[in-house]
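Trainee: I would like to go through this structure term by term. Please set each value against its cut-off.

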Amino acid sequence: MRKLIVLAIVGFFAQLIDGALGMAYGVTSSSLMLAAGLAPAAASASVHLAEIGTTLASGASHWRFGNVDWKIVLRLGVPGAVGAFAGATFLSGLSSDAAKPWMAGILLALGVYVLVRFTFGSLKTPEGKTSLRARFLSPLGLIAGFIDATGGGGWGPVATPTLLVSGKVEPRKVIGSVDTSEFLVAMAASIGFFIGIGNEGVKLGYVLALLAGGLLAAPIAAYLVRVIPPQLLGSLVGGFIVLTNSRTILNSFDVTGAPAAATYVSILVGWAAAVAWSTKRYRSTQTGGVAPEADGSLPLVAPAR
């Protein structure tokens, strides 16, 4: 019972983060599932099953707050579903020993990306009414969907920053559209895992606990996306993902003692520095002390209300 309560809390905060940043539910939840000892395919399958419910609730909440562009949802989500199905089939065919470091490596890379992107990144300000074409969105969705299924997460970390830096869609609609399209990805991945591994290793209690926490957080996150400074949350989440999956990789290769300790200390120091830098940048923007970047973009701050 205690583990289920912990997973519900994890699901709540993971969805809160995902709904506010447009990423990190799957990466955060899968990292903890791996750390808890689940096989990679079972961990990813459990998370994607829970995401069917959380993404549906999140999409509805974002739609209610006017954060969804339905053209982006279809052009991104349909190819994403194809990629997710292929990724689930691929991961299901790997042995647990081979898949665990593979999945942890993908999650680690995504964690580094989130950490760096939200600590040092910038956003372009949309000018007028612009749109993103299918020839750009379709390959992005296909790649993001495949990574999401094989890594237990990655839809948001791949799709959201790519759309944000395009400067053609306002941040809240990027986040809302990516979150909404993820419903299609979660459905396709779950079908792929069901065909590949059935219900082997999938713990229904874990799925329901993650789902319950996520459903509670979805409407709150859809509101917070309009007011929260994403760079602070992104730095915190990115560092957590890096730390968790570094542990999994070190354990997979039996790295212990001084080398492992040195790795953890280095990660913690870098994480603390990133959070401090993000905090400083955010405070500077609030006092008007940050100028536009060389390309005319603005530092990564909260979307305008």
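Mentor: We start with the whole chain and then take helices and single residues in turn.

Trainee: What kind of model is this, and what makes up its secondary structure?

Mentor: The model is predicted. The protein chain has 11 helices and two strands. In sequence order the pattern reads α-α-α-α-α-β-α-α-α-α-α-α-β. Of its 305 residues, 51% count as buried. Among contacts between residues at least 6 apart in sequence, 86% join residues at least 24 apart.

Trainee: Why is H2 called oblique to H3?

Mentor: Helix H2 covers residues 25–35 and helix H3 residues 40–64. They pack at an angle of about 140°, with axes 9 Å apart. Roughly antiparallel needs over 145, and 65 to 115 is roughly perpendicular. The angle falls in neither range, so H2 is oblique to H3.

Trainee: What is the hand of that crossing, and which residues make the contact?

Mentor: H2 passes H3 in a right-handed crossing. From H2 the contact uses Tyr25, Gly26, Ser29, Ser30, Met33 and Leu34. From H3 come Pro40, Ala43, Ser46, Val47, Ala50, Glu51 and Thr54.

Trainee: What makes H4 and H8 roughly parallel?

Mentor: Helix H4, residues 70–92, packs against H8 at about 25°, with axes 7 Å apart. Angles under 35 degrees count as roughly parallel, so H4 and H8 earn that label. H4 also passes H8 in a right-handed crossing.

Trainee: How do you know that Ser190 is buried or exposed?

Mentor: Ser190 lies in helix H8, residues 171–197. Its relative accessibility is 11%. Buried means under 20%, so Ser190 counts as buried.

Trainee: What does Ser190 touch?

Mentor: Leaving out residues up to four places away in sequence, Ser190 touches His48, Leu49 and Ile52. The Ser190 side chain also reaches the backbone oxygen of His48 at 3.5 Å.

Trainee: How do you know whether Val114 is buried or exposed?

Mentor: Val114 sits in helix H5, residues 96–120. Its relative accessible area is 2%. The limit for buried is under 20%, so Val114 is buried. The C-alpha atoms of Val114 and Gly239 are 8.4 Å apart, although the two residues are 125 residues apart along the chain.

Trainee: How do you know that the span of H6 agrees with the expected value?

Mentor: H6 has 18 residues, 134–151. At 1.5 Å a residue it should span 26 Å. The end C-alpha atoms are 25 Å apart, so the two values agree. Buried residues in H6 include Leu137, Leu140, Gly141 and Ala144. Gly152 follows H6, with a positive phi near 75°.

Trainee: What does H11 give on that test?

Mentor: H11, residues 257–286, has 30 residues. It reaches 44 Å from its first C-alpha to its last, close to the 44 Å expected. Ala260, Ile267, Trp271, Ala274, Ser278 and Arg281 are buried in H11.

Trainee: Why is Asp254 called exposed, and what is its phi?

Mentor: Asp254 lies in the loop between helix H10 (230–252) and H11. Its relative accessibility is 66%. Exposed means over 50%, so Asp254 counts as exposed. Its phi is near 55°, a positive value in a residue other than glycine. Most residues other than glycine have a negative phi.

Technical notes
Residues are numbered from 1 along each chain as its sequence is written. This is a predicted model: local features need pLDDT of at least 70, side-chain atom pairs count only at pLDDT 80 or more; totals for chains, interfaces and linings use all residues. Side-chain values use heavy atoms; hydrogens and water are left out. Helices (H or I, at least four residues) and strands (E, at least two) are DSSP runs, numbered from the N terminus. The expected span of a helix is 1.5 Å times one less than its number of residues. Buried means under 20% relative accessible area, exposed over 50%, partly exposed in between (1.4 Å probe, protein chains only). A polar contact is a pair of N or O atoms within 3.5 Å; within protein, one must be able to donate a hydrogen and the other to accept it, and residues adjacent in sequence count only if both atoms are side-chain atoms. Contact means heavy atoms within 4.5 Å. Axes are lines fitted to C-alpha atoms, for helices over the stretch in contact, and angles run from 0 to 180 degrees between N-to-C directions. A crossing is left-handed if the near helix is turned anticlockwise from the far one by less than a right angle, and right-handed if clockwise.
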